[in-house]
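Open the model in your viewer and set it to a cartoon view. The tour goes from the whole chain to a cavity and then to one helix.

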Amino acid sequence: MKKLLLISIAAAVAFGGENLLVGAGGGYKKPVAEVIENLKKDGVQIEGAFANLGQITIQAKEGKMAAIVGDEAFLKKTDLDIKAYERIGKGALVLVTPKGKQIKDVSELKNLAKIAMPDAKKAIYGVRTTEFLKNSGLEADLAPKMLPVAGVPQVVAYVTNGEVDAGFINSTEAVAREGEFGSVIYIDEALYSPVFISVAKLPACEGNEACAKFIDEIKTPRSKEIFAKFGLK
């Protein structure tokens with residue numbers, strides 16, 4: 001799956017040509033894609049690349065991206081030359097189970113056999129899942145049960161296909177795929193670091209008219225409505 005994600009990024013670059021390229025963590029593909037489509041309808045030449053944030057930052061280092069949508073805290077720890085941040089909203093960590101499997105509380109995770117989570121080294125919600133496990137006191141019990149995968153989209157695939165008993169994702173995917181899960185449990189925000197989702201402006205954004213339009217677009221009522229629809233407020 002990781003290989004396919006990297007290929008999709010390369011394809012976006014090739015397809016975009018001289019178009020503005022905006023990267024985003026895979027868990028925010030749906031809202032960012034909607035914003036991009038609105039701009040395309042307005043005649044702005046823009047393409048999106050989506051993968052876990054670690055892979056996106058690797059691509060950004062090649063200088064082909066003008067902006068990245070992702071976890072502000074994660075991006076600040078990279079060595080990218082980020083010029084400024086424009087905050088979009090706040091995300092949340094969510095536990096979901098396959099359709100037909102119900103749990104009422106995170107304590108019931110001890111009774112499950114396999115739990116998927118995003119890669120803790122490369123994905124926003126992998127980092128937050130690790131924090132939650134440690135701060136909740138569940139880390140020792142659940143460590144042997146955890147299945148790390150590339151990112152949120154891969155966790156969703158494992159859960160909806162019934163390959164795991166539960167998985168940790170973000171609120172955006174939980175809202176976007178409402179009705180596809182058995183249980184949806186929002187994790188106590190006191191047990192992990194806040195997830196502030198922002199647009200990070202890279203050097204390629206400076207003096208770029210299309211990038212300026214993208215930054216302006218995320219502040220418009222229609223974009224705010226999209227972000228709110230996907231749980232980012």
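Helices here are DSSP runs of H or I with at least four residues, strands are DSSP runs of E with at least two, and both are numbered from the N terminus. This is a predicted model.

**Whole protein.** By that definition, the protein has ten helices and ten strands. Its radius of gyration is 18 Å, close to the 17 Å that the globule rule gives for 233 residues, so the protein is as compact as a globular protein of that length. Turn the C-alpha trace along its principal axes: the spans are about 55 × 30 × 30 Å. Of the 233 residues, 52% are buried.

**The cavity.** Rolling a probe the size of a water molecule over the atoms shows where empty space is left. The count here is one cavity of 30 Å³ or more. Its volume is about 110 Å³. Select G25, G26, G27, A123 and V152, which are the closest to the cavity centre among the 15 lining residues. Next, colour α5 (124–136) and α7 (152–160), each of which supplies at least two residues of the lining. Which helix gives the most to the lining? That is α7, with three residues. By type, the lining has eight nonpolar residues, seven polar and no charged.

**Helix α9.** Select residues 209–217 and show the side chains of A210, C211, F214, I215 and E217, the buried residues of α9. Look down the helix axis: these buried residues fall within an arc of 160°, so they line one face of α9. Finally, add N208 at the start of α9, where one of its side-chain oxygens reaches to within 2.9 Å of the backbone nitrogen of A210.

Definitions and conventions
Residues numbered from 1 in each chain as written. Predicted model: local features only at pLDDT ≥ 70, side-chain atom pairs only at ≥ 80, totals over all residues. Heavy atoms only, no water. 1 Å grid on protein atoms, 1.4 Å probe; cavity = no way out; pocket = protein on both sides within 12 Å on 5 of 7 lines; lining within 4 Å. Points joined across faces, edges and corners; volume = space filled by probe spheres on them. Nonpolar A, V, L, I, M, F, W, Y, C, P; charged D, E, K, R; others polar. Buried < 20%, exposed > 50% of the residue type's maximum accessible area, 1.4 Å probe, protein only. Arc of directions from axis to C-beta. Polar contact = N/O pair within 3.5 Å; in protein donor to acceptor, adjacent residues only side chain to side chain. Rg over C-alpha atoms; globule rule 2.2 N^0.38 Å.
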